[in-house]
Amino acid sequence: MSLESLTTLALSSRHSIANLPFTCHRSPALLPVPQLLPVFTSLLKKRNPKRLKYFTQRLYKDDRMPMLYVEMDPLRVDTWKLEPVIKLIKDGAVGVIPTDTVYSIVCDLKSHSSIERLRRIKDIRSSKPLSILCHSLQDIDTYTTGFPRGNAQGQANIFRAVKHCLPGPYTFILPATKALPKQCIRHGTTTKFVSRKNVGVRIPDDTICQAILNNLDAPLISTSVESAEDRWIIDPIIIADTYGPEGLDFIVDGGTRIADPSTVVDMTRNPPTIIRQGKGPKQEWMVVEGEDSTA
């Protein structure tokens with residue numbers, strides 16, 4: 001075949017191919033990297049060997065129910081994950097939830113047997129008072145005499161100032177009302193937090209904690225999670241290993257926290273006095289215990 005014939009054949013073939021309908025088989029679209037990161041992060045978190053053992057039911061040696069372990073994203077609350085936790089609390093369970101400071105062991109305020117079991121799990125002596133986690137100022141007014149609103153005897157109106165601190169990392173000591181169970185306000189000479197029938201109240205600024213409180217009929221009895229050496233336990237996995245065998249019914253994992261407890265302010269003193277400095281900053285209407293308030 002001559003060179004001229006080959007050239008003619010090649011041109012003819014190229015023309016025929018060019019006239020054929022062209023179908024592009026596209027490969028699947030790739031997700032942008034920012035969209036993939038949460039997926040990879042989630043997978044890595046779920047494969048964490050420390051948490052993996054709590055994804056399946058953890059059975060005890062006796063006939064007790066397995067401890068429920070719920071892992072939450074602290075930046076996005078999936079309320080449906082908390083539904084079994086809320087049911088357990090209403091049924092008298094004792095468990096651990098995150099707050100805006102450290103983790104707390106909690107139970108239903110209206111369940112006397114749960115309060116006693118909480119004391120037993122934490123090994124709290126009967127002389128030590130317990131705090132309550134509230135959803136709103138209305139809860140505080142129900143179970144305490146409330147914040148000072150001023151009177152003719154010269155008592156300052158602290159209520160407005162306190163509202164700027166709540167929700168927040170403060171525990172305010174207030175006189176309790178008869179609505180509060182006696183297990184929360186027992187007398188004792190070995191603790192500086194109680195001189196009369198007072199109780200510490202909190203409204204935590206934490207989305208997970210508030211989501212739980214918002215679905216309950218009453219505040220939660222609360223005590224901070226500490227080790228035997230009086231150190232804060234801020235990793236929920238270590239909490240599970242430490243207190244799970246003691247009889248915890250559930251743990252809500254909101255991630256590792258910072259070992260910075262709430263600031264405790266005694267509102268029964270005039271002026272209100274900080275008896276433990278913590279995460280909440282000192283306000284101008286507060287004084288620190290031991291300091292001269294006239295200075």
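Here are four short exercises on this protein, each with a worked solution.

This is a predicted model, where local features need pLDDT of at least 70, side-chain atom pairs count only at pLDDT 80 or more, and totals for chains, interfaces and linings use all residues. Residues are numbered from 1 along each chain as its sequence is written, and side-chain values use heavy atoms, with hydrogens and water left out.

**Exercise 1. Find which strands stand at the edges of the sheet.**

Step 1: Take stock of the 9 helices and 11 strands. Both are DSSP runs numbered from the N terminus (helices: H or I, at least four residues; strands: E, at least two).

Step 2: Follow the order S1-S8-S2-S3-S7-S4-S6-S5-S9-S10-S11 in this open sheet, whose pairing is mixed. Two strands pair if DSSP finds at least two bridges between them.

Step 3: Look at the ends. Strand S1 (68–71) and strand S11 (287–288) each have a single partner strand, so one side of each lacks a neighbour in the sheet.

**Exercise 2. Describe how strand S6 pairs with S4 and with S5.**

Step 1: Recall that strands of a sheet pair through backbone hydrogen bonds, either parallel or antiparallel.

Step 2: Start with S4 (residues 131–133), which is parallel to S6 (residues 198–202) over 3 bridges. Here isoleucine 132 has valine 201 as its bridge partner, and leucine 133 stands opposite arginine 202.

Step 3: Turn to S5, which runs antiparallel to S6 and is joined to it by 4 bridges. On this side, leucine 174 stands opposite valine 199 of S6.

**Exercise 3. Decide whether S6 is largely enclosed or open.**

Step 1: Sort the side chains. Asn198, Gly200 and Arg202 point one way, while Val199 and Val201 point the other way.

Step 2: Check burial, where buried means under 20% relative accessible area, exposed over 50% and partly exposed in between (1.4 Å probe, protein chains only). Since 5 of the 5 residues of S6 are buried, the strand is largely enclosed by the rest of the structure.

**Exercise 4. Explore the largest nonpolar core.**

Step 1: Define it as a set of buried Ala, Val, Leu, Ile, Met, Phe, Trp, Tyr and Cys residues joined through side-chain atoms within 4.5 Å.

Step 2: Among its 48 residues, Phe147, Phe172, Leu180, Ile221, Leu248 and Met267 touch the most other members. H9 gives the most to this core, with 4 residues.

Step 3: Zoom in on leucine 180. Leaving aside neighbours within four places in sequence, leucine 180 is in contact (heavy atoms within 4.5 Å) with Leu109, Ile132, Tyr143, Ile185 and Val199.
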